[in-house]
Amino acid sequence: MDRTRSVKINKRETAPHAREELRRQKTEKKRLRRRRLSSFYLVIFLILLGVGIYALQRPEFRIQSVSIVGSKVVNRAQAKIAVKKVLSGRYFFIVPRDSIFFYSRKSIKSNVSKISGYVASTSLDLNKSRVLEVNIHERNAKYIWCNKQVVDRVTSDCYFVDKNGLFFSRSSGLSRNILFLIESSLPDKVLGKYVLAVEDFTVLIKTIDYLPQIISFAGMNNIEIEKVIIDDKGDYLFQVEERKEGEVEFWEIRWDPRDNVSTLASRLKVLWQDKTFTYERNKSELDYIDLRFGKKVFYRPKGETSSLD
């Protein structure tokens, strides 16, 4: 009787070409799965991108109008034009620049600041009605600063200066009687710049602010000081208007900004109360008082030179 025989085949005994074929088939299946998955994700991405681009074109997601507020000097029409210039057009020919999600706040602020030196800063607020509110914060003119080289001409070279010493706008001659006037030599182009170093400007402003107290402390009645000339050495020449017996006399106080304000005020008081000085001042008009030489105070009636030790 015949017996059926069998042979067990071990995997390790599989022919080399068969193992390679199995490995290739597995790799191909993995690649196919990855391709299908990648294609699926790509389709989903393109659908979402298309929906997003479509949605960005909708009015519900775009700025509808621009409102300019806060400005008194800055032209609001020009400011609105500057804003709309930034909001017009598209990014990469696709995304609207007036999108509520992608409008450039930085570019808007930069454009608005360029229309006038009066623009100190700008804040933006987009309300629920998609109205972009542009709030302009303006600089306040603290002083008028003129170029002393041309100050006597018909058209003076004068500028508005803020509390920090920034030259931000030209000033008409009519404004010279409104704010404290400073005169000095100026470079050709000063708009948008600081003429004095921070520490020098701080000393100047401190002295100007103390003038009413100094005048009161020295007992100088009927005196007004609304102008200072800074000479080429950096010294202050304060222009004084003194009302005497219905007339106005003009003279100046010469001041070294490196000296202590309190010390100079005390010397001015001593001089103003001196009998000899009072006699000469009543006899003739005063030309100047010079406080730049330490304890030795010089003064000059018209046509003379005197000093008080």
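User: Two strands count as paired if DSSP finds at least two bridges between them. By that rule, what makes S1 and S5 a pair, and in which sense do they run?

Analyst: This is a predicted model, to say that up front. S1 and S5 are joined by five bridges in the parallel sense. The rule asks for at least two, so they pair. One of the spots to look at is Ser65, which stands opposite Val131 in S5.

User: And what makes S4 and S5 a pair, and which way do they run?

Analyst: Seven bridges link S4 to S5, which covers residues 131-138, and the two run antiparallel. Again the cut-off is at least two bridges, so this is a pair as well. Within it, Leu124 has Val134 of S5 as its bridge partner.

User: Why is the pairing of this sheet called mixed?

Analyst: Put the two pairs together. S1 with S5 is parallel, while S4 with S5 is antiparallel. The result is an open sheet of three strands in the order S1-S5-S4, with mixed pairing.

User: Why do S1 and S4 stand at the edges?

Analyst: Each of them, S1 (65-69) and S4 (119-126), has a single partner strand, so one side of each has no neighbour in the sheet. From one strand to the next, the twist averages 20°.

User: Which helices pack on that sheet, and what do they touch?

Analyst: Helix H2 (residues 76-87) touches S1 and S5, and its direction is at about 140° to that of S1. Helix H3 (residues 105-113) touches S4 and S5, at about 145° to the direction of S4.

User: Which residues of S1 are on its covered face, and which on its uncovered one?

Analyst: Val66 and Ile68 make up the covered face of S1, and Ser65, Ser67 and Val69 the uncovered one. That fits the usual picture, because side chains in a regular strand alternate between the two faces of the sheet.

User: How do H2 and H3 pack against each other, and which residues meet?

Analyst: Their axes are 9 Å apart and make an angle of about 145°. H2 passes H3 in a right-handed crossing. On the H2 side the contact has Ala79, Ala82, Val83, Lys85, Val86 and Leu87, which meet Ser107, Ile108, Asn111 and Val112 of H3. By class that is seven nonpolar, two polar and one charged. Lys counts as charged, so Lys85 is that one.

User: At what angle do H4 and H5 pack, and what is in their contact?

Analyst: H4 (residues 198-218) and H5 (residues 261-272) pack at about 30°, with axes 9 Å apart, and H4 also passes H5 in a right-handed crossing. Thr207, Tyr210, Ile214, Phe217 and Ala218 come from H4, while Val261, Ala265, Ser266, Leu268, Lys269 and Trp272 come from H5. The classes are eight nonpolar, two polar and one charged.

User: Why is Ser88 called neither buried nor exposed?

Analyst: Its relative accessible area is 42%. Buried needs under 20% and exposed over 50%, so a value in between makes Ser88 partly exposed. Ser88 lies in the loop between H2 and strand S2 (90-91). Its C-alpha is 9.9 Å from that of Tyr103, 15 residues apart along the chain.

User: And how much of the chain is buried?

Analyst: Of its 309 residues, 34% are buried. The chain exposes about 20,700 Å², of which carbon and sulfur atoms supply 52%. Its secondary structure comes to six helices and 16 strands.

Notes: Residues are numbered from 1 along each chain as its sequence is written. This is a predicted model: local features need pLDDT of at least 70, side-chain atom pairs count only at pLDDT 80 or more; totals for chains, interfaces and linings use all residues. Side-chain values use heavy atoms; hydrogens and water are left out. Helices (H or I, at least four residues) and strands (E, at least two) are DSSP runs, numbered from the N terminus. Axes are lines fitted to C-alpha atoms, for helices over the stretch in contact, and angles run from 0 to 180 degrees between N-to-C directions. Contact means heavy atoms within 4.5 Å. Buried means under 20% relative accessible area, exposed over 50%, partly exposed in between (1.4 Å probe, protein chains only). Accessible areas come from the Shrake-Rupley method with a 1.4 Å probe; for residues, only the protein chains shown count as cover. A crossing is left-handed if the near helix is turned anticlockwise from the far one by less than a right angle, and right-handed if clockwise.
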